[in-house]
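Got the viewer open? Let's start with one definition, then select our way from a single side chain out to the whole chain.

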Amino acid sequence: MHMKENFTPESTADGSFTFFSQEFGELFHSHYGARQESFLKFSLPTQLTFAANKSKLRLLDVCYGLGYNTAAALQTIWEVNPKCHVEVIGLELNAAVPQAAIAHHLYDNWGYEYTQILAQLACEHQVVQDCLTANLLVGDARSTIQLVNKSGFKADAIFLDPFSPPQCPQLWTVEFIQQLSLCLDLNGLLATYSCAAAVRTALEAGGLQIGSTPPVGRRTPGTVAAHIRGGGDGERGGEGEGIQQFPFSESYELSQAEKEHLLTRAAIPYRDPQLNDSADVILRRRQQEQQVSSLEPTSHWRKRWLSKSL
């Protein structure tokens with residue numbers, strides 16, 4: 001099991017706080033702004049304001065953590081439609097993380113009105129109210145996602161927010177993302193902060209089409225993904241229906257450099273055939289695959305694009 005951690009709040013540039021994970025050697029959020037990141041990296045790319053026209057919305061929050069992404073989502077949805085019934089499933093390895101966020105009063109400086117909901121979810125792992133059904137499933141997300149799929153849950157929005165692929169490869173594999181794809185509604189959107197080529201090819205291997213979201217607090221963009229659809233006939237469709245097959249706005253299209261990145265060795269995805277390998281095994285498997293690959297070395301791609309940008 002994971003080590004016993006001591007969670008100490010660390011401030012970020014927008015005045016909100018995050019924690020440092022000793023287990024993964026990383027902060028839960030960027031220094032740029034934990035609160036801002038939740039809105040700009042997750043709620044915005046998954047177009048949650050479309051809840052304005054929906055009576056019900058389903059959300060899957062992978063790596064619930066401090067609860068910020070769910071918090072931002074609830075705020076975004078209920079601001080445009082206070083009557084929308086939201087069904088949330090959060091997947092979290094370590095129940096101590098959301099409990100510590102509540103214990104340290106990290107929502108106080110948000111001016112956040114739903115803290116009571118998050119406190120109950122952190123402590124009791126379940127909330128049932130008029131406009132909300134929320135469940136926090138504690139354990140290895142590779143197991144809990146299979147339970148979610150068996151239940152027939154189809155998410156309008158999926159937030160994929162694990163620690164980075166080198167630190168937590170088990171939640172970025174082709175097989176895990178395939179499970180997420182199965183649980184994404186046909187008109188649903190998945191958002192993640194990562195633009196790693198290995199993550200993007202895994203999303204594509206899961207039958208999803210990908211777009212690039214604007215950078216937030218770092219130089220690199222995030223990624224949004226959706227099922228490949230014909231003719232923009234989804235509920236979120238709008239302008240140019242019947243013409244545009246791209247499920248997100250054109251501003252999310254990948255640049256030429258990003259497209260070419262997906263043709264390099266960096267794009268060889270992480271694999272975990274039985275969804276139970278250790279991080280070391282998954283990392284080693286990918287390294288071995290890269291060593292024998294005939295794809296372009298990533299250093300060549302980097303040099304080529306660096307010279308174009310000078």
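Contact here means heavy atoms within 4.5 Å. This is a predicted model, where local features need pLDDT of at least 70, side-chain atom pairs count only at pLDDT 80 or more, and totals for chains, interfaces and linings use all residues. Residues are numbered from 1 along each chain as its sequence is written, and side-chain values use heavy atoms, leaving out hydrogens and water.

First, select Leu 132. Leaving aside residues up to four places away in sequence, Leu 132 touches Leu 74, Trp 78, His 85, Val 86, Val 88, Ile 117 and Val 127.

Next, bring up the largest nonpolar core (buried Ala, Val, Leu, Ile, Met, Phe, Trp, Tyr and Cys residues joined through side-chain atoms within 4.5 Å). There are 84 residues in it, and those touching the most other members include Leu 132, Leu 74, Phe 19 and Phe 176. Now highlight helix H2, residues 68–80: with seven residues, it supplies the largest share of this core.

Switch to cartoon view for the whole chain. You'll see 10 helices and 12 strands (DSSP runs numbered from the N terminus: helices are H or I with at least four residues, strands E with at least two).

Zoom out. Buried residues make up 55% of the 310 in the chain; buried is under 20% relative accessible area, exposed over 50%, partly exposed in between, with a 1.4 Å probe and protein chains only. Draw a box along the principal axes, and the C-alpha atoms fill roughly 55 × 50 × 40 Å.

Last, turn on contacts between residues at least 6 apart in sequence: 69% of them join residues at least 24 apart.
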